[in-house]
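Trainee: Could you take one buried spot in this protein and walk me through it closely? I'd like to see how it fits with what surrounds it.

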Amino acid sequence: MLARSLRRSGGHGSIGSSLLCSYFSTDGGHCSFTSQVASALPVTSETSTLDSYRTDDGYANVNWDELGFGLTTTDYMYVMKCSKDDKFSCGKLSPYGNIELSPSSGILNYGQGLFEGLKAYRKKDGRFLLFRPEENARRMQIGAERLCMNAPSVDEFIDAVKQTVLANKRWIPPPGKGSLYIRPLLIGSGPVLGLAPAPEYTFLVYASPVGNYFKEGREPINLLVEDRMYRSTPGGTGGIKTITNYAPVLKAQCEAKAKGFTDILFLDSTTKENLEEAASCNIFIFKDNVISTPDTQGTILSGVTRKSIIDMARNYGYQVEERPITIKELMAADEVFCTGTAVVVAPVGSITYHGKRVQYKVGELSRKLYMSLTCIQMGLLEDKMGWTVEVE
């Protein structure tokens, strides 16, 4: 089905049959989502109490067909600490549970913290894949420098993620049923009263099985343009994944959802005319065979999926521009879609601005990019980009 859908798309930037043959691993012209049984965690004193929740096939007792994007607590998390004048080292897995923090910790008092999001996928042969974890590690390092924090090295970050995945492998959904969402956190855990960097930092990784991010699933989403509140300002922290970027969007997002919209779309705080991003994902427009997305310029998060879609689209022959995009251009676009680790590639069905609603067709572009990207992430496409990392 996936391969046939891509074969039907023609014209500029389309994937030809020869490219499909070289990229897709198919079975009779179809991408296969065959489920593969995975082995259970070894029984130890820490895991033996979990046996009653393990099914005969080695998976956790989860209804994979009704999996949404919510927290399902898994078995283990990874924790590593260091002082302000030291480097991270000697992290370890611990049973998933609450952590202890000083009331005067830097994260609780001053919001000194960062988070990342990435996914692990189960291949049809039972092995597990991560998607570009080094990009998340580097982005965390950039954010840590901005917030005066110590950060784990790229190798330490990836090793922690791999350990977390393997320790929670029974929670990784069957192929085609979802993914294991992985949440690395870096927080100022040490006590501090005056405004200053915390004296201790904690790097923590936990995970949860997830399905589609939006309740619409793969159906088009409907966005409301917000022009009263702003997500970020020039010189601020909009370009890093700091924890403090996200609570401020909740009021606008909740108001939009109460009106029936899927999510909110923010404008820049300077001209109030240029697009920035949605509450948790980047945005793209397609017009006259050109793909455009707002350039980050320090106020927009440089998403890993955003970067991947840009590279993929250019490899398919599309012209891709990173530049300021006005609200007027958005309303006149042929096709609009959002990208992010959680949403992957989400087609936009409508945009509402100042009471005017513009509807968009769900074209072949967003379908093609979604299918190509997810097939790489799940190991159904040959990864010629070198993006996936096997968890061993």
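**A close look at Ser179**

Mentor: Ser179 is buried because its relative accessible area is 2% (buried means under 20%, exposed over 50% and partly exposed in between, with a 1.4 Å probe and protein chains only). Before we go on, keep in mind that this is a predicted model, where local features need pLDDT of at least 70 and side-chain atom pairs count only at pLDDT 80 or more, while totals for chains, interfaces and linings use all residues. Residues are numbered from 1 along each chain as its sequence is written, and side-chain values use heavy atoms, with hydrogens and water left out.

Ser179 sits in strand β8, which covers residues 179-188 (helices are DSSP runs of H or I with at least four residues, strands are E runs of at least two, and both are numbered from the N terminus). What does Ser179 contact, leaving aside neighbours within four places in sequence? The partners are Lys119, Ala120, Tyr121, Pro173, Ser208, Pro209 and Val210, where contact means heavy atoms within 4.5 Å.

Now step over to strand β9, residues 200-210, where you'll find Thr202. At 4% relative accessibility, Thr202 is buried too. If you skip residues up to four places away in sequence, Thr202 touches Val79, Met80, Lys81 and Phe88, plus Leu185, Leu186, Ile187 and Ser189. Check Asn150 as well: its C-alpha is 9.3 Å from that of Thr202, with the two positions 52 residues apart in sequence.

Next, the helices. α4 (residues 133-146) packs with α5 (residues 154-167) at about 125°, and their axes are 9 Å apart; the axes are lines fitted to C-alpha atoms, for helices over the stretch in contact, and angles run from 0 to 180 degrees between N-to-C directions. That angle makes α4 oblique to α5, because under 35 degrees counts as roughly parallel, over 145 as roughly antiparallel, 65 to 115 as roughly perpendicular, and the rest as oblique. Pro133, Glu134, Asn136, Ala137, Arg138, Met140 and Gln141 of α4 make the contact with Val154, Phe157 and Ile158 of α5. The crossing of α4 and α5 is right-handed, meaning that the near helix is turned clockwise from the far one by less than a right angle; anticlockwise would be left-handed.

Arg132 comes in the loop between β7 (128-131) and α4. Most residues other than glycine have a negative phi. Arg132, though not a glycine, has a positive phi of about 50°. Arg132 counts as buried because its relative accessibility is 6%.

Val344 shows a positive phi as well, near 65°, and is also a residue other than glycine. Val344 belongs to strand β17, residues 344-353, and is buried at 9% relative accessibility.

Val344 gives us a way into another helix pair, since one of its contacts is Thr305. Thr305 is part of helix α7 and is buried, with a relative accessible area of 5%. Besides Val344, Thr305 touches Thr339, Gly340, Thr341 and Leu373, not counting residues up to four places away in sequence. Helix α7 (residues 304-315) packs on α9 at about 110°, with the axes 11 Å apart, which means α7 is roughly perpendicular to α9. This crossing is right-handed. On the α7 side you have Thr305, Ser308, Ile309, Met312 and Ala313, which meet Leu369, Ser372, Leu373 and Ile376 of α9.

Past α9 (364-377), Leu380 lies in the loop that runs to β19 (388-391). Leu380 is buried, at 4% relative accessibility. Its C-alpha is 8.5 Å from that of Lys124, although the two are 256 residues apart along the chain.

One residue here carries a database note. An unreviewed UniProt entry places "modified residue: N6-(pyridoxal phosphate)lysine" at Lys241; UniProt positions follow the numbering used here, feature names are shortened, and annotations may be inferred rather than shown by experiment. Lys241 is in the loop between β10 (221-226) and α6 (250-258) and is buried at 12% relative accessible area. Leaving out residues up to four places away in sequence, Lys241 touches Leu114, Phe115, Glu116, Gly117, Arg139, Tyr246 and Leu301.

Zooming out, the chain has nine helices and 19 strands, and 54% of its 392 residues count as buried. Of the contacts with a separation of 6 or more, 72% join residues 24 or more positions apart.
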